[in-house]
Amino acid sequence: MARVAYRDADVDLMARMMRAEAEGEGNQGMLYVGNVIVNRLVANCIDFKDLRTIEQVIFQVQGGNYSFEAVQKGNVFYQRARESERRLARQNLRFWRNHPAKFALWYFNPSGDCPQTWYNQPFTGQFKQHCFYEPAAGTCDSVYRG
C-alpha cells in the first residue's frame with residue numbers, strides 16, 4: 001500500500017523536483033528529498049496544513065516564496081522527468097523512508113556546517129551537502145505515522 005495517493009502526473013512532478021534539488025547527490029540524495037516531499041503531504045501540521053496533493057506540496061508558497069527553491073530558480077525542474085527519477089519517486093510514494101530524512105519536513109544546503117536547529121526544528125543528520133530537520137517533539141505527531 002502506498003504512503004499517499006498519487007497519479008502518474010504526481011510521479012513526474014516529484015521526479016523533476018527530486019532531480020532539481022539533489023541530482024548532484026545521486027540516487028540516495030534524491031530519495032531523501034522525496035522523503036521530505038511525501039512527509040509534508042502526510043504531516044498536516046505546522047507549515048504544511050491542508051496540503052492534499054503532491055502538486056500542492058511542490059508549489060506551496062510560504063512567506064511570499066515557493067517552499068522549494070527549484071520551482072522559482074531551477075531550469076532543471078522544468079525539464080522532462082527521466083525514467084530513473086520516476087522510479088525513485090515511485091519508491092518514495094510507495095514505501096521508501098530512511099534516516100536522516102525519514103521524518104524530516106525541511107532540508108537545506110548551508111554555506112557551512114549544519115546548525116543544530118533550523119527555525120527551532122532539530123537537526124536529524126546530513127547527507128552530502130543537505131542538512132535535514134524533523135519537527136520538534138509534540139508539534140507534528142502525524143509525520144511519524146504511515
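**Reading two hairpins**

Author: Let's start with one spot: Phe123 stands opposite Tyr133 in β6. The model is a predicted one, where local features need pLDDT of at least 70, side-chain atom pairs count only at pLDDT 80 or more, and totals for chains, interfaces and linings use all residues. Numbering starts from 1 along each chain as its sequence is written, while side-chain values use heavy atoms, with hydrogens and water left out.

Reader: OK, so which strand pairs with β6, and in which sense?

Author: A strand is a DSSP run of E with at least two residues, numbered from the N terminus, and two strands pair if DSSP finds at least two bridges between them. Here β6 covers residues 130-133, and four bridges join β5 to β6 in an antiparallel arrangement.

Reader: How many residues sit between β5 and β6 in their hairpin?

Author: Two residues lie between these strands, and Lys128 in this hairpin takes a positive phi near 50°.

Reader: And on the other side, what can I say about β4 and β5?

Author: Look at residues 117-118 for β4 and residues 121-127 for β5: the two strands pair in the antiparallel sense, over two bridges. To find a bridge yourself, go to Trp118, whose partner in β5 is Gln121.

Reader: Which residue should I check in the turn there?

Author: Go for Tyr119. The hairpin of β4 and β5 has two residues between its strands, and Tyr119 in the turn has a positive phi of about 50°.

Reader: So I can trace β5 both ways: to β4 over two bridges, and to β6 over four.

Author: Yep, and you can use Trp118 with Gln121 as a landmark for β4 and β5, then Phe123 opposite Tyr133 for β6.
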